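Please examine the fold presented below, beginning with its strands and moving on to its helices and its buried positions. The explanation that follows proceeds in that order.

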Amino acid sequence: MEDEASSRDHVGSLERGLAVMEILARYPAGMTLTEMAEEAGLTRAGARRFLLTLVATGYATQSGRLFSLSPRLLTVARTWLGGASLWTFAAPIMREVAAQFDEACNAAVLSGEDVVYVARIPGRRILSVALDVGTRLPTYCTSMGRVLLSGLSAGEMKTFLADAKIERRTPKTIVRRDLLAKAVQQAETDGFAIVDEELELGLRSIAVPISERTGQVVAAINVSTQSARFSVEAMEREILPGLRKAKQRVEEFFFV
């Protein structure tokens, strides 16, 4: 009886519509109707209805034959991320880390090819990268991105490497996909990642994964700093132990 009630309460069209939104999120450059139908396993007529509904409600835009998500979805996400969430209760732990090193401490989750900031304790020093809750940064050249990618399955990682848009942000950015795969593998082996001036010159960061009870990586926390403040070796020697303690406390708070 319970299964029957659950079945009656399940709205299949909403589920398919949300799937269409998730697919659009993976293609920021836009998709054609035919591409969406193939990707979502829908008929062209079905895909057309979902896409035009998203356009009519303001969650997507249409430019010629291409459909893409609109900024309205980010507004909804920012509203949710800015509200009271579990990360609100992790803030004191992150605040201790930020105070210990006098640097910013951040938390992020994986969203398509990006990391999305879900919590941030600013440092006293100003970084030129403007960061706030809801900020999106590329996974491939950020420390939190590397540890989040390390939690993907082999198939998911293969898909990411095949599809991700990877561009050189600085002379130090790893853009070769085989070298990026090695860096992610190293992050999985080490249990942390340091990214040295790959996102922006003068910016270094170190991150550790946050995992649930099953071991699945669900988030990451990091400390970001100016390269003049900490060498790579100093980050591993001095900051990493503090981050690992914070990781343990956050995991115990969320998942134990």
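Strands β6 and β7 pair in the antiparallel sense, and four bridges connect them. This pairing, like everything described here, is taken from a predicted model. Within the pair, D196 has R204 of β7 as its bridge partner. The hairpin formed by β6 and β7 has six residues between the strands, and in this hairpin E197 adopts a positive phi near 60 degrees. The side chains of β6 alternate in direction: A193 and V195 point one way, I194 and D196 point the other way, and all of them are buried.

On from β6, the next pairing is that of β7 with β8. Strand β7 covers residues 203-211 and strand β8 covers residues 217-226; the two are antiparallel and share nine bridges. One position that can be located by eye is P209, which stands opposite A220 in β8.

These pairings belong to a wider arrangement. As a general matter, the strands of a sheet pair through backbone hydrogen bonds, in either a parallel or an antiparallel manner. Here the sheet is open and has six strands, in the order β5-β4-β3-β8-β7-β6, with antiparallel pairing. At its edges lie β5 and β6 (193-196), each of which pairs on one side only. From one strand to the next, the twist averages 35 degrees.

The edge strand β5 leads to a further point of interest. T139 is found in the loop that runs between β5 (136-138) and α7 (143-149). Is this residue buried or exposed? T139 has a relative accessible area of 0% and is therefore buried, since the limit for burial is under 20%. Leaving aside neighbours within four places in sequence, T139 contacts L110, E113, D114, V115, G145, R146, L149 and F160.

F160 also takes part in a contact between two helices. Two packed helices are described by the angle between their axes and by the distance between those axes. Helix α8 (residues 154-163) packs with helix α9 (residues 177-190) at an angle of about 145 degrees, and their axes are 10 Å apart. The crossing of α8 and α9 is right-handed. On the α8 side the contact involves M157, F160, L161 and A162, which meet R177, L180, A181 and V184 in α9. By character, the residues of this contact divide into seven nonpolar, no polar and one charged.

Another helix, α10 (residues 232-255), contains A246. With a relative accessibility of 5%, A246 counts as buried. Which residues does A246 touch, not counting those up to four places away in sequence? They are I93, V97 and I221. A246 and E96 are 150 residues apart in sequence, yet their C-alpha atoms are 8.6 Å apart in space.

The cysteines merit a brief word. C105 is buried at a relative accessible area of 1%, and C141 is buried at 0% relative accessibility. A search of the whole structure finds zero disulfides.

Finally, the protein may be viewed as a whole. Its secondary structure amounts to ten helices and eight strands. Of its 256 residues, 43% are buried. Among contacts between residues at least 6 apart in sequence, 57% join residues at least 24 apart.

Definitions and conventions:
Residues numbered from 1 in each chain as written. Predicted model: local features only at pLDDT ≥ 70, side-chain atom pairs only at ≥ 80, totals over all residues. Heavy atoms only, no water. Buried < 20%, exposed > 50% of the residue type's maximum accessible area, 1.4 Å probe, protein only. Contact = heavy atoms within 4.5 Å. Disulfide = S-S within 2.5 Å. Axes fitted to C-alpha atoms, helices over the stretch in contact; angles between N-to-C directions. Left-handed = near helix turned anticlockwise from the far one by under 90°. Nonpolar A, V, L, I, M, F, W, Y, C, P; charged D, E, K, R; others polar. Pairing = 2+ DSSP bridges.
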